Amino acid sequence: MSDIVVKVEGLGKQYHIGGPQERYKTMRDTLTNAALYPMRVMQSLSGSRHSNGNGRNSESFWALKDVSFEIGRGEVVGVIGRNGAGKSTLLKVLSRITEPTTGYIDVYGNVGSLLEVGTGFHPELTGRENIYLNGAILGMPRTEVERNFDEIVEFAEVQRFLDTPVKRYSSGMYMRLAFAVAVHMKPEVLVIDEVLAVGDAEFQKKCFNKMQEVSRGGRTILFVSHNMAAIRSICNRGLIMQSGRLIEQGDINSVVDTYLAQTNQQQVQQINCETNSFKVDEVQIYATYGSVIKTFDSVEIRVKFTAKMDILDPGLYVGILTFDYQRVAGLDFKDFSSVSSIKAGEQAELGFSIAELPLLPGTYQLEVYLKDMASLAIELIPTTFPFDIVETPVYGSRKLESWNGYVGLKVYPYVLSNKPVGSVTAQETLRGKGETTK
Ligand SMILES: Nc1ncnc2c1ncn2[C@@H]1O[C@H](COP(=O)(O)OP(=O)(O)OP(=O)(O)O)[C@@H](O)[C@H]1O
Ligand SMILES: [Mg+2]
């Protein structure tokens, strides 16, 4: 237990709707406090108990309720949950932007946070001034800030705007600088809320790589995102928040699978429909191992049916279609095997095992035909069966949209050069980047 960096116990946060608005502590407030009481920012937030007595006439609700967990040094924890689940509130309490109503958080070390735009920098100050202020807030000596200064500016790519007040920055520029400051100030605990989504794809990738580098350096990260591919590739542990409560925690892949399985459609579909010769009992598509289907998972397709008449030469065709009915693939059972005849009233089950289904995340559907090749009966089941491929890292942590097409390819990049490519050598690129994460 000695290496616990964050300990959260019975944490609750109550808001009063319609009552007096709570004003968040902005960087300005924290800054003023830091200037007046520089030691305060070094203290751990311990036993902070806030009783809010001003909401007697207003309706109150709990944005966080009875949340307890611990995080060890060097853990990278993904916090997931639907909109309004309490994720940002949790990070705000952790970053001391708002106080808890019940319970406490102990943080052993300083916290660097990157929260929603607006809670980070002082808008009237320039990029340069904000870098120094953030350093001060994290209790960093000026010399230390100076040592990191060039790296921050280079990472954020804001050289030309260093002496411009940050209120004139675009949201992307603001986020770049805020991220660069948060990671380069080397806080023990780094707290990042979604904001990365504001950056362009290239900068997002740079941020994800940086986060991986930071975590390998032994620092602790709490990361909130709706990008499950990023969460899976960066984090090792996950927390699921639901209506202010922590409902599950554990290994990141199983936590994300549980979360996505809750929100996804049922993949096993009991149906009650018939064609001329068949009654269809069940159509299923599922991952051989696991509760959700991810790109390159091995997958089973099963069609259970009852013959309404003797079927001498049974057959099955399954089409995989996109949600807007583009055909991605088609599988005819006859290409692989034959089955013996089925008598009227008998039930049978046919299907396919697919080794590595390459579909990218998205919603697809199965189209199913049952056949009797002896009588040339080819009968379409008059409904399709939707299923989801959930988000997973395919080419790194970038979220792949349908714009990238429907299938993932296992690719090994080729570079004709013996000069370094980016920060890695061509050799390393060949070995490392082509590997798809499972
Ligand atoms: N200052 C506030 N005053 C009143 N209610 C608030 C305040 N801040 C947040 N809430 C409410 O608390 C709940 C949790 O909000 P929170 O921002 O933590 O959710 P979230 O999990 O981060 O959601 P999202 O995924 O949309 O970012 C929501 O119902 C939200 O409306
Ligand atoms: Mg949020």
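**Exercise 1. Find which side chains make polar contacts with ligand 1 in this predicted model, starting from Asn83.**

Solution.
Step 1. In the side chain of Asn83, an N or O atom is 2.9 Å from an oxygen atom of ligand 1. A polar contact requires a pair of N or O atoms within 3.5 Å, so the Asn83 pair qualifies.
Step 2. The side chain of Thr89 places an N or O atom 2.5 Å from an oxygen atom of the ligand.
Step 3. For the side chain of His226, the corresponding distance to a ligand 1 oxygen is 2.9 Å.
Step 4. As for cover, ligand 1 on its own has 630 Å² of accessible area, and the protein covers 69% of it.

**Exercise 2. Describe the shell around ligand 1 by residue, element and class.**

Solution.
Step 1. The ligand has 13 residues around it, and those that come nearest are Gly84, Lys87, Ser88, Thr89 and His226.
Step 2. At least two shell residues come from each of β2 (59-72) and α2 (87-94). The most are given by α2, with 3 residues.
Step 3. Sorted by class, the shell holds 6 polar, 5 nonpolar and 2 charged residues.

**Exercise 3. Determine how helices α5 and α6 are arranged where they pack.**

Solution.
Step 1. Helix α5 spans residues 171-184 and helix α6 spans residues 201-216. Their axes are 11 Å apart, at an angle of about 10 degrees.
Step 2. Angles under 35 degrees count as roughly parallel, and α5 and α6 are therefore roughly parallel to each other.
Step 3. From α5, Met175, Arg176, Phe179, Val183 and His184 meet Phe203, Cys207, Lys210, Met211 and Val214 of α6.
Step 4. The residues of this contact comprise 7 nonpolar, 2 charged and 1 polar.

Definitions and conventions:
Residues numbered from 1 in each chain as written. Chains lettered and ligands numbered in written order. Predicted model: local features only at pLDDT ≥ 70, side-chain atom pairs only at ≥ 80, totals over all residues. Heavy atoms only, no water. Near = heavy atom within 4 Å. Polar contact = N/O pair within 3.5 Å; in protein donor to acceptor, adjacent residues only side chain to side chain. Areas by Shrake-Rupley, 256 points an atom, 1.4 Å probe, with all protein chains shown as cover. Helix = DSSP H or I, 4+ residues; strand = E, 2+ residues; numbered from the N terminus. Nonpolar A, V, L, I, M, F, W, Y, C, P; charged D, E, K, R; others polar. Axes fitted to C-alpha atoms, helices over the stretch in contact; angles between N-to-C directions. Parallel < 35°, antiparallel > 145°, perpendicular 65-115°, else oblique. Contact = heavy atoms within 4.5 Å.
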